[in-house]
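User: I'd like to go through this one and ask how each label was earned. Can you take me through the reasoning?

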Amino acid sequence: ATRALSSRLYSSAAINRLTVIGGGQMGSGIAQVAATSKHDVTLVDVNQEALDRGKGYISKSLKRVAKKKFADDAKAQSEFVEQVMSRIRTTTNPAEGVAQADLVVEAIVENIKVKQDLFASLAKAAPEGSILASNTSSLPIKAIATPLTAEQKARFIGLHFFNPVPQMKLVEVVRTEEASQEAVDNAVAFVKAIGKSPAVCKDTPGFIVNRLLLPYMMESIRLLERDVASAKDIDTAMKLGAGYPMGPFELLDYVGLDTVKFIVDGWYTEGEGLKGDKQFVSSGKLNELVKNGHLGVKTGRGFYDYSK
Ligand code: 3HC
């Protein structure tokens, strides 16, 4: 029991300082949950405007959390928001941003070359022994790690969060064949320390959740294309008949149709073991919506109209 306790203390003590690269929805969500659980957080983005936008997402979401946590106590609510925000510093300089990090999580654009270049320079600037992680949802972790040395690859993993990050309890911890057991153990301890539940998974397309979710989403679109039922009826069916919190079309619009298209197109053309898999063949309906800029909730229209 003593050994279990000391290893637990060691593991959770191992990661105190987190640096998040990318202040979009995912990156700011990750920064928020880590700061809420008393970690020192550095948020990095390309310019001040992006950082301000990220901080805006965080304070909005924190206010929502605070309202529930301290109902009827406006003072406690604003103190909570202020305290958490005070643990988040921002910078536009990635090398300076990662200089003290125990863990670096990247949540930038889903472009393999951009991520490889970023990690090539971050790996040099981050402390020896720090864990390097990508929040990619669809790119192979080992491909992102290509420019790293063998020693750096041993501490490079996937840490995949879900949207909305403050609310979704799961984080997939993705281990490559090169990743060390220590890196995986420390990442698992970090996930628990921020109040989430880890699921450890091999580095395969879509990991666990998206590998199951994307075929389901694509098959839902094909049901609609075959005119089996309306989007609304399919959503009602899956919510009330299968207990899902959102129906497939609500979820598609929430995740973003451009994101979904990017993932399935990538897997269909070059996904390891998925190339040419008919589950991921493109859909006329999805292509048309994306082509017309109807990307879901974020543009006010996707399968549903949110403009009213
Ligand atoms: N910040 C803080 N809290 C938030 C939040 C946010 N951004 N968004 C929602 N919440 C909280 C609410 O405050 C509320 O808390 P409470 O239950 O304690 O009062 C709770 O979440 C529920 O929110 P709402 O009542 O507003 O709405 P719903 O009950 O409809 O829940 C939902 C919203 C949590 C988004 C729920 O519909 C859901 O779980 N949907 C499925 C989401 C999902 O599947 N996400 C994964 C997408 S796939 C992905 O991310 C992978 C990527 O790689 C593609």
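Analyst: Sure. Domain bounds here come from an automatic or database domain assignment. This is a predicted model, and its protein chain is divided into domain 1 (2-202) and domain 2 (210-299). Taken over C-alpha atoms, the centres of domain 1 and domain 2 are 28 Å apart.

User: What makes residues of domain 1 and domain 2 count as in contact?

Analyst: The cut-off is C-beta atoms within 7 Å. Five residues of domain 1 are in contact with six residues of domain 2. On the domain 1 side, those residues are one nonpolar, three polar and one charged.

User: Why is S137 called buried or exposed?

Analyst: A residue needs 20 or more other C-beta atoms within 10 Å to be buried. S137 has 23, so S137 is buried. It sits in the loop between β5 (131-134) and α7 (141-144). Leaving out residues up to four places away in sequence, S137 touches H160, N210 and I263.

User: And K68, why is that one called buried or exposed?

Analyst: Exposed takes 12 or fewer neighbours. K68 has 8 C-beta neighbours inside 10 Å, so K68 counts as exposed. You'll find K68 in helix α3.

User: How do you know that K68 and S137 carry an annotation?

Analyst: That comes from UniProt, where a "binding site" annotation in an unreviewed entry covers S61, K68 and S137. They are spread over 77 residues of sequence, and in space up to 30.1 Å between C-alpha atoms. Bear in mind that such annotations may be inferred rather than shown by experiment.

User: What makes N163 and K298 partly exposed?

Analyst: Partly exposed is what lies between the two cut-offs, 12 or fewer for exposed and 20 or more for buried. N163 has 16 other C-beta atoms within 10 Å, so N163 is partly exposed. K298 has 16 C-beta neighbours inside 10 Å, so K298 counts as partly exposed too. As for where they sit, N163 is in the loop between β6 (156-160) and β7 (170-175), while K298 is in the segment after α14 (284-291). Not counting residues up to four places away in sequence, N163 touches Q25, M26, M168 and V255.

User: What is the peptide bond from N163 to P164?

Analyst: That bond is cis, with omega near -5°. P164 lies in the loop between β6 and β7.

User: Which residues come nearest to the ligand?

Analyst: S61, S137, N163, P164 and P245 come nearest, out of the 18 residues around the ligand. The shell divides into 10 nonpolar, six polar and two charged residues. Its largest share, four residues, comes from α3. At least three residues come from each of domain 1 and domain 2.

User: Which residues have a positive phi without being glycine?

Analyst: Among them are D72, with phi near 65°, and D227, with phi near 60°. D72 lies in the loop between α3 and α4 (74-86), and D227 in the loop between α10 and α11 (231-242).

User: Why are D72 and D227 called exposed?

Analyst: Back to the cut-off of 12 or fewer. D72 has 7 other C-beta atoms within 10 Å, so D72 is exposed. D227 has 7 C-beta neighbours inside 10 Å, so D227 counts as exposed as well.

Note on methods:
Residues are numbered from 1 along each chain as its sequence is written. This is a predicted model: local features need pLDDT of at least 70, side-chain atom pairs count only at pLDDT 80 or more; totals for chains, interfaces and linings use all residues. Helices (H or I, at least four residues) and strands (E, at least two) are DSSP runs, numbered from the N terminus. Two residues are in contact if their C-beta atoms, placed from the backbone, lie within 7 Å. Ala, Val, Leu, Ile, Met, Phe, Trp, Tyr, Cys and Pro count as nonpolar, Asp, Glu, Lys and Arg as charged, and the others, Gly among them, as polar. A residue is near a molecule or strand if its C-beta atom, placed from the backbone, lies within 6 Å of it.
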